[in-house]
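Reader: I am in my first year and still learning to read folds, so could you take me slowly through a single part of this structure?

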There are 2 protein chains.
Amino acid sequence: MSATMNPQSDAARLLGDASSVQLIGHISPDGDAIGSALGLAWALRDMGKVVRVACADPVPRALQFLPGASEVRQTSIAGPSLVVAVDCSDRQRMGSAYDAQMLVGRPLLVIDHHESNRGFGDVDLIDPKVAATTQIVLRLISHLGVPLSATIATCLLTGLITDTQGFRTPNTDSGVLADAVTLCDAGAPLTEIMDQSFGRSPMCKLRLWGSVFERSCLENGVLWAEVSRQDVAQAGASSETLSGLVNYLATIDEAQVALLLEEQPNNRVDVSLRARPGYNVAVVAGSLGGGGHELAAGCQVNGTLSEVRANVLEALAEQMLARA
Amino acid sequence: MSATMNPQSDAARLLGDASSVQLIGHISPDGDAIGSALGLAWALRDMGKVVRVACADPVPRALQFLPGASEVRQTSIAGPSLVVAVDCSDRQRMGSAYDAQMLVGRPLLVIDHHESNRGFGDVDLIDPKVAATTQIVLRLISHLGVPLSATIATCLLTGLITDTQGFRTPNTDSGVLADAVTLCDAGAPLTEIMDQSFGRSPMCKLRLWGSVFERSCLENGVLWAEVSRQDVAQAGASSETLSGLVNYLATIDEAQVALLLEEQPNNRVDVSLRARPGYNVAVVAGSLGGGGHELAAGCQVNGTLSEVRANVLEALAEQMLARA
């Protein structure tokens, strides 16, 4: 096809022409990846197309209430008319769900909102100004002329709510809320989505977070906490239980930077960093082989918890000193 | 004045005729009380009126960022043309901020959204269908023809966000979100309000909540936790630090009922109860001299923590047995 200056029209034409579509979300899928993929899938089915959704990793428990979640596969089907990468900032983010052999020669449509996305499809529908990929999908579905069903709206609102942490991230503007109004009016159950996304935790999380809260240390504006594999096992928890913990630590007034160290197998430690505006933890994560954004970054470092903690605290102190 | 069938017109006429207005929020003011009062105050000042805001208790720390918060007094002025009770479900909720002698003979306008409000003013502008009193104030300001300034919008959006716990309560509908769009478009800083309302905690809260999480017990579907005065003092915290804790406990999957027992001076214990739909903790709180709603209730009981805990757990077991 010949690309125009309007990627939304190009995307709509690709989708309109396809009889079967393979949608692919990113590895370790979140609400925006799953919500965008399932929302678009239901719209395309309403257009009479055969649609499959794949993610390299399983759908998290908190998203399994979404209509169609149980049909998400970990691999793609052979020979679809079109492949769509959803919420993936680059080709690698599709992981093993993108089987290059199975999908050889098939056109690729990229739908995403990540600023770092340089485009890797035959058509790239990328808008870094929106807070969630589901907002791009919402416009695309409207462009396709598919009526917004409650099923579609539920998937899309879930992506919007999870990616903005319940309308709390700095990129939540009145456009986000206006899209939420559209989706609620189409039948998306706001309260249920909020409850599924933020209102439910297992007892083991209470125990694990409690012990982390009690053992956390505040040193020179850095609030740090360590979680060993034994801590996780003793609480009867899993690594997923720690999701959101570093964000919570970052809400503490006295902390300029929050640091969570999570012990992994094979003498490795996962390092998560959050900062208040004015600090740049991406530099610190980058110096240790990781990356991310100014205010939220991470890396994986070899060593024991205490070794890695000493390294990261030193790197942070240098960065904070350089700033002062 | 002669009351019409349209309390909004009556309220607008009362306000329009007044040269000086005393606004009064409820005791232990929350974001909706302060936000409604300050939002309306700024609108009335834009109309050229002299306006004072009073609450019997001080403005909580988390609301002190609101424009005008520092001018809220704990007592009312003498002889205003009009008194307005804001977000108060009955006359007693104004507490000592309503000085009957100072305000004798002054007309009273009631603006509120509580279902239990039977009306106690000369004009009662009450709408239990909205999620926050600030939504009623928003319509009233529009009726008055006052342009929505960023200052007014900031106060009103804060009430809407705090009363819906960040758009998470079951009464959050698309009308709430649509009002939030209106307020954001008028210049209310959504992200800052979210951050002020939910994104900041002192270090002592992390310690106190951590110890409560670790010591909480799950028994027959009841998740209970005790906080002694010593616990609070040791964490360097205050009673305010426990705000929201019982709601958090209620998010635990395994809990049908969450119970928080907080030791008070003089051998008394504050009891807070939350339940999942299907249970009725108002009955239990009522049997112990308190009250509340089906899913959220409380009481104050004489006794030690362990005595009161035994009493409440027994009453809960009976209620849960009766239901089974």
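Author: What follows is a close look at the open sheet of chain B and the helices on it. This is a predicted model, in which local features need pLDDT of at least 70, side-chain atom pairs count only at pLDDT 80 or more, and totals for chains, interfaces and linings use all residues. Residues are numbered from 1 along each chain as its sequence is written, while chains are lettered from A and ligands numbered from 1 in the order in which they are written.

The open sheet in chain B has 5 strands with parallel pairing, in the order β2-β1-β3-β4-β5; strands (E, at least two residues) and helices (H or I, at least four) are DSSP runs, numbered from the N terminus, and two strands pair if DSSP finds at least two bridges between them. Because β2 (50–54) and β5 (123–126) of chain B stand at the edges with a single partner strand each, one side of each is left without a neighbour in the sheet. From one strand to the next, the twist averages 15°, where angles run from 0 to 180 degrees between N-to-C directions and axes are lines fitted to C-alpha atoms, for helices over the stretch in contact.

Within this sheet, β3 (residues 82–86) and β4 (residues 108–112) of chain B pair in the parallel sense over 4 bridges, and V86(B) has I111(B) in β4(B) as its bridge partner. Helix α3 (residues 133–144) of chain B packs on the sheet, touching β3, β4 and β5 of chain B, with contact meaning that C-beta atoms, placed from the backbone, lie within 7 Å; the direction of α3 makes about 120° with that of β4(B). Helix α2 (residues 31–46) of chain B lies across β1 (20–24), β2, β3 and β4 of chain B, and runs at about 170° to β2(B).

How values were computed. Contact = placed C-beta atoms within 7 Å.
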